[in-house]
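User: Can you walk me through this one? I'd like the overall layout, then some detail.

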Amino acid sequence: MRRCCHELAAAPLYRCPRNGDRPVPERGDDAVDIQCPCGAVQLRISSAPVAQFWCHCADCRRVHNAAYVGESLYPAESVAVLSGETIAFTLRTTPRVSCARCGSRLFADLTDIGMRGVSGTLLPEEAFDPQLHIHCREAVAPVRDGLPHYQTKPVAFGGEDDAMMAW
Ligand SMILES: [Zn+2]
Ligand SMILES: [Zn+2]
């Protein structure tokens with residue numbers, strides 16, 4: 001059912017916990033500082049990624065206006081907003097945090113698993129090396145490469161089975 005603008009306005013706003021109550025982590029050896037394309041928002045990533053993948057799910061495609069999306073997953077506490085104003089939008093379940101100025105998607109707040117999925121396009125090229133494709137059953141642009149193409153997502157990521165797409 002379509003929700004009118006009044007209902008949307010009444011919906012509780014998701015406030016991106018800037019850094020919660022945590023101090024911004026020191027810039028350790030593993031830290032990577034990245035920024036959105038306009039430079040207004042700076043992020044500090046202070047651990048190695050848990051996983052990097054291409055996501056073909058309908059939600060990612062819609063909010064990014066893209067055929068599929070690169071994501072780099074980290075424990076939420078490892079991704080801190082250093083500066084700049086952010087806005088968030090939740091399509092169905094996952095708040096997506098963007099730069100308030102240029103609108104570029106920064107990360108998805110996967111609150112149920114305590115992770116943040118940073119947009120792969122923000123990382124330095126050598127720091128984004130996806131190992132798999134997920135939600136390929138929803139794909140609109142099949143990608144034929146040497147990576148595994150999961151129909152949904154691997155059991156290790158909370159998926160139901162490890163079924164592959166036959167691309
Ligand atoms: Zn997705
Ligand atoms: Zn920006």
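**Fold and core**

Analyst: Start with the contacts. Of those in the chain with a separation of 6 or more, 54% are between residues 24 or more positions apart. Keep in mind that this is a predicted model.

User: How many helices and strands are there in the chain?

Analyst: Two helices and 10 strands. From the N terminus, the order is α-β-β-β-α-β-β-β-β-β-β-β.

User: And what share of the chain is buried?

Analyst: Buried residues are 28% of the 167.

User: What order do the seven strands of the open sheet take?

Analyst: The order is 6-7-8-9-4-3-10, with mixed pairing. At the edges sit strand 6 (86–90) and strand 10 (132–134), each paired on one side only. Neighbouring strands in this sheet are turned by 30° on average, ignoring direction.

User: What about the sheet of three strands?

Analyst: That one is open too, ordered 1-2-5, and antiparallel. Its edge strands are strand 1 (32–35) and strand 5. The twist averages 30° from one strand to the next.

User: How many bridges join strand 1 to strand 2?

Analyst: Four, and the two strands run antiparallel. Within strand 2, Arg44 is the residue opposite Asp33.

User: Switching to the core. How many residues does the largest nonpolar one have?

Analyst: It has 16 residues. Leu43, Tyr74, Val79, Leu106, Phe107 and Val118 have the most contacts inside it. Strand 2 (42–45), strand 4 (69–75), strand 5 (79–83), strand 7 (95–99), strand 8 and strand 9 each give two or more residues.

User: Which strand gives the largest share?

Analyst: Strand 8, with three residues. There is also a second, separate core of 10 residues, including Trp54, Cys60, Ile134 and Cys136.

User: Back to Leu43. What does Leu43 touch?

Analyst: Leaving out residues up to four places away in sequence, Leu43 touches Ile34, Val79, Ala80, Val81, Leu82 and Leu106.

User: Now strand 9. How many of its residues are buried?

Analyst: Five of five, so to speak a mostly covered strand. Met115, Gly117 and Ser119 are buried on one side, Arg116 and Val118 on the other.

User: Why two sets of residues like that?

Analyst: Because side chains in a regular strand alternate between the two faces of the sheet.

User: How does strand 9 pair with strand 4?

Analyst: Antiparallel, through five bridges. Ser72 has Val118 in strand 9 as its bridge partner.

User: And with strand 8?

Analyst: Also antiparallel, over four bridges; strand 9 covers residues 115–119. Leu110 is bridged to Met115, and Ala108 to Gly117.

User: What happens in the hairpin between strand 8 and strand 9?

Analyst: Four residues lie between the strands. Gly114 takes a positive phi there, near 65°.

User: Let's look at Ala108. Which strand is it in?

Analyst: Ala108 is in strand 8, residues 105–110.

User: Is Ala108 buried or exposed, and why?

Analyst: Ala108 is buried, because it has 26 C-beta neighbours inside 10 Å. The cut-off for buried is 20 or more.

User: What is Ala108 in contact with?

Analyst: Thr94, Arg96, Arg116 and Gly117, setting aside neighbours within four places in sequence. Gly117 is also its bridge partner in strand 9.

User: Where does Phe89 stand relative to Ala108?

Analyst: Their C-alpha atoms are separated by 9.5 Å. Along the chain, Ala108 and Phe89 are 19 residues apart.

Conventions. Residues are numbered from 1 along each chain as its sequence is written. Chains are lettered from A and ligands numbered from 1 in the order in which they are written. This is a predicted model: local features need pLDDT of at least 70, side-chain atom pairs count only at pLDDT 80 or more; totals for chains, interfaces and linings use all residues. A residue is buried if 20 or more other C-beta atoms lie within 10 Å of its own, exposed if 12 or fewer, and partly exposed in between; C-beta atoms are placed from the backbone. Two residues are in contact if their C-beta atoms, placed from the backbone, lie within 7 Å. Two strands pair if DSSP finds at least two bridges between them. Axes are lines fitted to C-alpha atoms, for helices over the stretch in contact, and angles run from 0 to 180 degrees between N-to-C directions. A nonpolar core is a set of buried Ala, Val, Leu, Ile, Met, Phe, Trp, Tyr and Cys residues joined through C-beta atoms within 7 Å.
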